[in-house]
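User: I'd like to learn how to read helix packing, sheets and exposure from a model. Can you walk me through it?

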Amino acid sequence: MIDNSRQFHNRRRFGLAMMITLLVFAALPTVWVLVLSFRAPVAIFEPIWESPTALTLQNFYKITRSDFPAALLNSFITAGLSTTFAMLVGVPAGFALAKARLSGKFIASWVLLLLRMAPPVGFVIPLFLLYANSGLIDTYLGLVFAYMTLTLPLVTWSMWNSFAQVPDELIEAAIMDDASLAKAFFLIALPAARPGAVAAAILAFLVAWNDFFYALIITRSGTTTAPVAVMNFISYDSVDWASIAVASIALTLPILPLMALANRYIVQSLSGAVKG
Amino acid sequence: MRHIELKGVQKDFDKTTVIPPLDLEIAKGEFVVFVGPSGCGKSTLLRLIAGLEDVTKGILEIDGVDATDTAPGKRGLAMVFQSYALYPHLTVAQNIAFPMRMAKIPRDEQQRRITNAAAALNLTDYLDRRPKQLSGGQRQRVAIGRAIVREPSAFLFDEPLSNLDAALRVGMRLEISELHKRLKTTMIYVTHDQVEAMTLADKIVVLNAGAIEQVGSPLELYDTPCNLFVAKFIGSPMMNIIVGQHAAVFHAASVGVRPEHLTISKSSGTWTGVAGLSEHLGSDTYIRVDVEGIDETMTVRAQGKFNVNRGETVYISPEVENLHRFNEAGLRVVS
């Protein structure tokens with residue numbers, strides 16, 4: 001195939017060009033935001049070559065005095081809790097769907113898919129009414145439950161998939177070895193599906209972390225999450241671009257290591273690393 | 001002494017009966033092989049004994065006690081799976097230790113048994129490896145090791161050799177046979193390979209469509225197959241089956257004759273035919289012969305080397321005392 005080396009080189013060059021284009025599109029806004037965050041608010045719209053060294057940390061200092069750190073903490077708490085609960089329920093549910101002889105699996109798969117595909121607006125209005133009546137507006141619990149409408153189907157669906165890749169014979173071997181179902185699950189099936197579980201947890205966390213819409217409707221000042229708090233930098237008379245830039249970076253930084261991890265585990269869970 | 005007994009055991013999947021009511025006795029220390037074509041229910045039968053499938057009807061007794069509803073882990077049986085089913089995240093030592101961990105056997109006793117099993121199975125140098133880092137034969141031995149350390153009352157093997165290449169398979173077959181001689185534990189072994197069945201078994205159970213066709217020692221099945229199915233299934237190459245006028249001569253609807261019970265000659269014989277392909281194995285030669293009045297091409301064994309050209313006329317004669325006669329229903333006619 002590669003004996004026509006000129007064609008091969010052309011193809012490589014084309015691929016390289018595509019990648020660079022893609023990188024420019026994806027990275028340029030990020031780089032721009034990064035630059036903005038270090039510039040003085042008054043100079044923010046001046047061309048950078050006019051004062052390339054006029055970089056400052058004052059934006060970072062300023063944002064620590066605002067409500068934003070509290071919102072960041074809220075984001076951590078709600079995304080963390082909704083991921084934890086989704087894993088506690090979704091992982092065993094995925095196991096049951098993959099391994100138990102259940103009728104109605106087909107229906108379950110459709111319901112899960114529908115939940116995944118339905119637009120959040122479909123949930124938010126009934127949830128809002130429900131929460132307004134039960135006092136769950138602007139509470140962690142309310143937001144965590146709301147996020148679980150996203151994270152639970154995600155975790156259940158992907159764990160169903162991961163456990164389906166664990167051979168039945170592994171669990172049967174454990175059962176023959178006199179392991180209880182719980183031990184077969186915790187000691188054999190779950191470790192075998194570990195890459196899938198890690199990937200599911202990371203994805204669930206990211207979904208909740210990146211949410212804007214639910215938090216906008218359900219939270220008030222008490223439990224505002226970071227994506228919503230960014231809006232507070234936009235006021236009637238001005239837009240605080242420098243703070244928005246810093247906030248964007250603060251929102252992106254924690255998920256970078258997660259993305260790196262997720263990348264590894266998603267590849268692992270897709271390549272069927274569980275086969276013995 | 002009776003060890004495992006099936007009384008009218010039946011298995012339905014949804015509304016299909018895969019195993020019609022079936023009775024079977026397995027004696028203590030016996031090496032029993034379930035053999036049959038794929039889909040004959042042999043694995044299902046093994047899984048019923050293991051407890052991995054629920055018995056629909058009937059009773060399964062182990063040591064004279066009703067074990068029909070006993071949990072699989074409480075039956076005292078160890079199973080070796082076709083895919084080995086080694087726990088991928090555990091080392092060889094941890095894999096072998098797992099059933100003992102479940103049985104809460106003391107640590108030092110666990111260690112002692114692991115050491116013994118590893119020594120017996122040539123795994124001592126691999127105890128810290130993970131299953132992924134082992135060859136097929138080694139994985140197979142780990143699976144056997146995991147079964148041995150439990151000191152079960154019976155071993156269940158589900159096509160344990162079918163994932164190995166031919167040379168390894170012969171070696172492992174001998175090892176399993178040795179293991180049985182040494183432990184004298186009951187073994188139930190499922191295979192579709194009749195050579196494995198013949199070489200390993202004290203007792204062969206031939207299954208077809210979920211029903212038992214015949215139970216007996218390898219030579220019983222070979223010498224006196226009770227019906228056409230067993231006659232054709234046991235023995236390699238397959239028994240020649242003759243129907244029509246040539247069978248009528250022997251007062252039977254069909255007559256079976258094994259390739260080694262036919263003599264081939266270029267000068268004279270009972271039946272006249274035309275030679276087809278020859279297979280030279282060195283010690284034997286198998287010649288395919290189309291005989292006048294017999295639809296199916298026959299296989300004849302000649303000892304040593306026998307040279308015959310394709311299309312040449314040959315004569316073959318059956319050893320009359322080694323003929324198997326069957327009636328219209330395919331059942332053996334006792335002479």
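**Helices, a sheet and a loop**

Analyst: Let's begin with two helices in this predicted model. The axes of helix H6 (residues 140–164) and helix H9 (residues 194–210), both of chain A, come within 9 Å and cross at roughly 160°.

User: How do I read that angle for H6(A) and H9(A): roughly parallel or roughly antiparallel?

Analyst: Angles over 145 degrees count as roughly antiparallel. So H6(A) runs roughly antiparallel to H9(A), and their crossing is right-handed.

User: Which residues make the contact?

Analyst: H6(A) brings residues including Leu150(A), Leu154(A) and Met159(A), while H9(A) adds, among others, Ala200(A), Leu203(A) and Val207(A). By class, you get twelve nonpolar, five polar and no charged residues.

User: Now the sheet in chain B. What is its strand order?

Analyst: Read it across: E6-E7-E8-E3-E9-E10, an open sheet of six strands with mixed pairing. Strands E6 (77–80) and E10 (211–216) of chain B are at the edges; each has a single partner strand, so one side of each lacks a neighbour in the sheet. On average, neighbouring strands are turned by 15° against each other, direction ignored.

User: How do E6(B) and E7(B) pair, in what sense?

Analyst: In the parallel sense, over four bridges, with E7(B) spanning residues 154–158. For instance, Met79(B) has Leu156(B) in E7(B) as its bridge partner.

User: Last one: is Gly64(B) buried or exposed?

Analyst: Count C-beta neighbours inside 10 Å: 12 or fewer means exposed. Gly64(B) has 10, so it counts as exposed. You'll find Gly64(B) in the loop between strands E4 (57–62) and E5 (65–66) of chain B. Its C-alpha atom is 7.5 Å from that of Arg2(B), 62 residues apart along the chain.

Technical notes:
Residues numbered from 1 in each chain as written. Chains lettered and ligands numbered in written order. Predicted model: local features only at pLDDT ≥ 70, side-chain atom pairs only at ≥ 80, totals over all residues. Helix = DSSP H or I, 4+ residues; strand = E, 2+ residues; numbered from the N terminus. Buried ≥ 20, exposed ≤ 12 C-beta atoms within 10 Å, placed from the backbone. Pairing = 2+ DSSP bridges. Axes fitted to C-alpha atoms, helices over the stretch in contact; angles between N-to-C directions. Parallel < 35°, antiparallel > 145°, perpendicular 65-115°, else oblique. Left-handed = near helix turned anticlockwise from the far one by under 90°. Contact = placed C-beta atoms within 7 Å. Nonpolar A, V, L, I, M, F, W, Y, C, P; charged D, E, K, R; others polar.
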